[in-house]
Amino acid sequence: MSESLKIGFRIEFWDHDKPGLAVYCENAFLATALPRVGELVASQIVAGITPPPWLPVPFMTVAAVEHYPVKPPDTPGVQVVIRLETKVSQDDLRPLEEQGWTVW
């Protein structure tokens with residue numbers, strides 16, 4: 001039995017308390033423990049790109065943790081949600097798309 005679990009992340013971009021774009025990746029990171037709401041996550045989850053102005057370095061606060069149960073043989077999904085108060089454009093997020101993140 002494995003001691004770790006693959007988790008995904010969703011980063012939501014809010015502008016003056018209104019939701020804007022978001023990026024997500026599913027089952028992309030191997031974790032030995034799930035972060036809880038209010039805990040900090042290293043901004044290195046978007047490593048490999050020059051830190052953009054909207055990325056608070058070096059940590060981001062977890063806003064929610066969503067659990068998606070499934071029937072065997074599939075494994076349950078976990079999505080760690082981060083909310084950033086900043087305005088971004090589709091072009092700003094293109095480097096994340098190139099790394100396998102989905103923009104929506």
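This is a dialogue about the folds, pairings and burial in one predicted model.

Student: What makes up the secondary structure of the protein?

Tutor: It comes to 1 helix and 6 strands. From the N terminus on, the elements run β-β-β-β-β-α-β.

Student: How do you know that the size of the protein agrees with a compact globule?

Tutor: The radius of gyration is set against a rule for chain length. For 104 residues, a compact globule would have a value near 13 Å, and the protein has 14 Å, which agrees. Along the principal axes, the C-alpha atoms fill a box of roughly 40 × 30 × 25 Å.

Student: How are the strands arranged in the sheet?

Tutor: The 6 strands form an open sheet in the order 3-4-5-1-2-6, with mixed pairing.

Student: Why is one side of strand 3 and of strand 6 left without a neighbour in the sheet?

Tutor: Strand 3 (40-42) and strand 6 stand at the edges and have a single partner strand each, so one side of each has no neighbour in the sheet.

Student: What makes strand 1 and strand 2 count as paired?

Tutor: Pairing needs at least two bridges between the strands. Strand 1 and strand 2 are joined by 9 bridges and run antiparallel, so they pair by that definition. Among the facing residues, Lys-6 stands opposite Leu-30 in strand 2, and Glu-12 has Ala-22 as its bridge partner there. The two strands form a hairpin with 2 residues between them. In the turn, His-16 has a positive phi of about 55 degrees.

Student: Which way do strand 1 and strand 4 run against strand 5?

Tutor: Strand 1 runs parallel to strand 5, with 7 bridges joining them. Gly-8 stands opposite Gln-79 in strand 5. Strand 4 runs antiparallel to strand 5, with 6 bridges joining them, and Val-62 stands opposite Ile-82 in strand 5.

Student: Why is strand 5 called largely enclosed by the rest of the structure?

Tutor: Of the 9 residues of strand 5, 7 are buried, so the strand is largely enclosed. Across the protein, buried residues make up 33% of the 104 residues.

Student: How many aromatic pairs does the structure hold?

Tutor: It holds 3 aromatic pairs.

Student: Why is the pair of Phe-9 and Phe-29 called edge-to-face?

Tutor: Two rings pair if their centres lie within 6.5 Å, and planes over 60 degrees apart count as edge-to-face. The rings of Phe-9 and Phe-29 have their centres 5.3 Å apart and their planes at 85 degrees, so the pair is edge-to-face.

Student: What makes this pair a tie between separate parts of the chain?

Tutor: Phe-9 lies in strand 1 (residues 5-15) and Phe-29 in strand 2 (residues 18-31), so the pair ties together parts that are 20 residues apart in sequence.

Student: How do you know whether Phe-9 and Phe-29 are buried or partly exposed?

Tutor: Buried means under 20% relative accessible area, and partly exposed covers values from there up to 50%. Phe-9 has 4% and is buried, whereas Phe-29 has 24% and counts as partly exposed.

Student: Which other ring does Tyr-24 pair with?

Tutor: Tyr-24 forms an edge-to-face pair with Trp-104, at 5.3 Å centre to centre and 80 degrees between the planes. Tyr-24 is in strand 2 and Trp-104 in the segment after strand 6 (102-103), so to speak of distant parts fits residues that are 80 residues apart. Tyr-24 is partly exposed, with a relative accessible area of 25%.

Student: Which residues do ring pairs link into a cluster?

Tutor: The cluster holds Phe-9, Phe-29 and Trp-101.

Student: Which members of the largest nonpolar core touch the most other members?

Tutor: In this core of 23 residues, they are Phe-9, Ile-11, Ile-45 and Trp-101. Strand 1, strand 2, strand 4 (59-68), strand 5 (77-85) and helix 1 (90-98) each supply at least two residues of the core. Leaving out residues up to four places away in sequence, Ile-11 touches several residues, including Leu-21, Val-23, Met-60, Leu-84 and Trp-101.

Terms used
Residues numbered from 1 in each chain as written. Predicted model: local features only at pLDDT ≥ 70, side-chain atom pairs only at ≥ 80, totals over all residues. Heavy atoms only, no water. Phe/Tyr/Trp six-rings, centres within 6.5 Å; stacked < 30°, edge-to-face > 60°. Helix = DSSP H or I, 4+ residues; strand = E, 2+ residues; numbered from the N terminus. Buried < 20%, exposed > 50% of the residue type's maximum accessible area, 1.4 Å probe, protein only. Core = buried A, V, L, I, M, F, W, Y, C linked by side-chain atoms within 4.5 Å. Contact = heavy atoms within 4.5 Å. Rg over C-alpha atoms; globule rule 2.2 N^0.38 Å.
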